[in-house]
Amino acid sequence: MLSAEIRSSIDRIWNTFWANETTNPLTVVEQITFLIFMKLLDDNQIVQERNANLLHTTLKDPVFKQGLCVVSEDPRVEIPYADLRWQNFRHKAPDEMHRIVRNFVFPFVKSLGSGRDSAFSRYMVDAQFEIHKPKVLAVAVAEIEAMQLSGKDVMGDVYEDLLDRIKSSGENGQFRSPGHIIGMMVELMEPTLDDRILDPAMGTAGFLAGAARYVTSHYAKELTNKKRMEHFKTTMFTGFDIDKKMLRIGAMNMMLHGVEAPDIRLNNSIEPDAAKRADYTLCLTNPPFAGNMTEIAIAPDLLAVASTKKTELLFLALFTRLLKIGGRCASIVPQGVLFGSSKAHVGVRKELVDRQRLVAVISMPSGVFKPYSGVATAILVFVKTDHGGTDNVWFYNMEADGFSLDDKREVVKENDIPDVVAKFKARDAEKPADRKGKCFFVPKDEIVANNYDLSFNKYREVEYVAEEFLPTAELVSEVETLTKDFVAGLKALKGML
């Protein structure tokens, strides 16, 4: 979640663009994120340089090298790498800053990853620098410099805020999963360097970036191995989306997390032949809700699981096809998926319970996606087996996520997320059976008997406390006494008039 200070800075940048005749909101979105990317490239290298100095080592393969950078071969144009760094050009006068950023920094950023077919190079090739007035650039650079950006999933957070401003997030489904929910799901799934991780509806690559952060923090020693690092930078992460602008932001996000060449593609994941089957070991995602596809555009193997046009069901079917045997999935779904009575709804749940191994159902409060949507959601966790294996399913009712559940989403002390993670990891040892609590196991047979219903309240045991009341005759007597007292009070009051 962005702080009020960062939102205020974005307000000022946004208003400056609009006051200076840049009125296409998508143009504003892209140009702001390009500038933030330029700053974060330099910020990341500053941290790396400090660490190298402390360890008395040399920084390997820095973005900004020593000496001259060849920005153009025809005609040959060279500029010191130092001049391309945010910390240096931000101090220039507006006209000079604009000249450097337009003619040198932006072309340099576009060239990152060139020479290899990387996601970044593919989706940056047609990017344009469209800040035409030096004073607009100067205001934007000053505001971005003032932002406290360290330690955040900045590209996604800012993009989320900007999407809200252009009012497209609710209509197009382009709102991000909140960072703390992504973090919780990554913690539940514990990705490793042996994984091939997929998000087939990646948006700004929040889940992939979250998994990358987890891996770099838990496997720093293993990443010193050249083969392991190459896997991390290239083949470990795959993401699909139908929006090229999203792919561009996602590619920048992944590069900032050290993933230089992920497999990020323009793809409608549920179309025939859109993605290779049985190719991934972990799926982390929040697929689009409430969408409808034309049947001719849906892969036949998905219709075999759920004969429907609803994207929330088709994506669940897709996950069972994309994962390898033993692959695991954590996906956000609207809660209607848990109890819907249509043949397709029941069919998808039956697939997860009977043919795969359904592990957990975590119900979340309806305010998690506010202010973009008030829909109640849940997280489904399963392992692909293709021969069953569901025994006891772990249910958890998450009532708070650390933020108010209204449109303001202010920080509050109530937060079930640490408990969700701790209880999930200890579930087999604890074997919770008390259905009056927040979490418990439900055996497969009971789920099947309830038409594969996966809603928490279906299995929760409500504790009724018996209350004793006075006999009716005594209650009537008390009413008569109260009435007499009331009439006597009225008479006394009348006597005072």
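Which backbone nitrogen does the side chain of Asp195 reach? Keep that in mind for a moment, everyone, and thanks for coming. What you have in front of you is a predicted model, so please hear everything I say today in that light.

Let me set the scene with the whole chain. The protein chain has 497 residues, and buried residues make up 51% of them. It holds 21 helices and 13 strands. Along the principal axes, the C-alpha atoms fill a box of roughly 105 × 75 × 50 Å. The accessible surface comes to about 23800 Å², with 52% of that belonging to carbon and sulfur atoms. And if you take the contacts with a separation of 6 or more, 72% of them are between residues 24 or more positions apart.

Now back to Asp195. You will find Asp195 in the loop between α9, residues 179-189, and β3. Its side chain reaches the backbone nitrogen of Thr192 at 2.9 Å. There is a second partner too: the side chains of Asp195 and Thr281 are joined by a polar contact of 2.6 Å. Is Asp195 buried or exposed? Asp195 counts as buried because its relative accessibility is 4%, and the cut-off for buried is under 20%. Setting aside residues up to four places away in sequence, Asp195 touches His231, Met236, Thr281, Leu282 and Arg328.

Some of those names come back when we turn to the strands. Please look at β6, residues 280-285. This strand is mostly covered, with six of its six residues buried. On one hand, β6 pairs with β3, residues 197-199, in the parallel sense over two bridges. On the other, β6 pairs with β7, residues 323-334, also in the parallel sense, over five bridges. Leu282 is a handy residue to click on here: Leu282 is the bridge partner of Ile197, and Leu282 also stands opposite Arg328 in β7. As I said, Leu282 and Arg328 are both touched by Asp195.

Next, a second aspartate. Where does Asp401 lie? Asp401 lies in strand β11, residues 401-403. With a relative accessible area of 1%, Asp401 is buried. Which side chains does Asp401 make polar contacts with? One is the side chain of His180, at 2.8 Å, and another is the side chain of Arg409, at 2.5 Å. Beyond its neighbours within four places in sequence, Asp401 is in contact with a longer list, including Ile181, Val368, Glu414, Asn415 and Ile417.

On to an aromatic residue. Phe315 sits in helix α14, residues 311-322. Phe315 counts as buried, since its relative accessibility is 5%. Not counting residues up to four places away in sequence, Phe315 touches Pro200, Ala201, Ser269, Ile270, Pro287 and Pro288. For a sense of scale, Phe315 and Leu55 are 47 Å apart in space, C-alpha to C-alpha, and 260 residues apart in sequence.

Let me finish on the outside. Which residues form a nonpolar patch on the surface? They are Phe486, Val487, Leu490, Leu493 and Met496, and together they have about 540 Å² of accessible area. Leu490 belongs to helix α21, residues 472-496. Leu490 counts as partly exposed because its relative accessibility is 46%.

So, to recap: we met Asp195, buried in its loop, then Asp401, buried in β11, and finally the nonpolar patch on the surface. That's my tour, and I'm happy to take questions!

Definitions and conventions:
Residues are numbered from 1 along each chain as its sequence is written. This is a predicted model: local features need pLDDT of at least 70, side-chain atom pairs count only at pLDDT 80 or more; totals for chains, interfaces and linings use all residues. Side-chain values use heavy atoms; hydrogens and water are left out. Buried means under 20% relative accessible area, exposed over 50%, partly exposed in between (1.4 Å probe, protein chains only). Helices (H or I, at least four residues) and strands (E, at least two) are DSSP runs, numbered from the N terminus. Two strands pair if DSSP finds at least two bridges between them. Patches are made of residues with over 30% relative accessible area and no salt bridge: like charges are joined within 9 Å, nonpolar side chains (Val, Leu, Ile, Met, Phe, Trp, Tyr) within 5 Å. Accessible areas come from the Shrake-Rupley method with a 1.4 Å probe; for residues, only the protein chains shown count as cover. A salt bridge is a side-chain nitrogen of Lys or Arg within 4 Å of a carboxyl oxygen of Asp or Glu. A polar contact is a pair of N or O atoms within 3.5 Å; within protein, one must be able to donate a hydrogen and the other to accept it, and residues adjacent in sequence count only if both atoms are side-chain atoms. Contact means heavy atoms within 4.5 Å.
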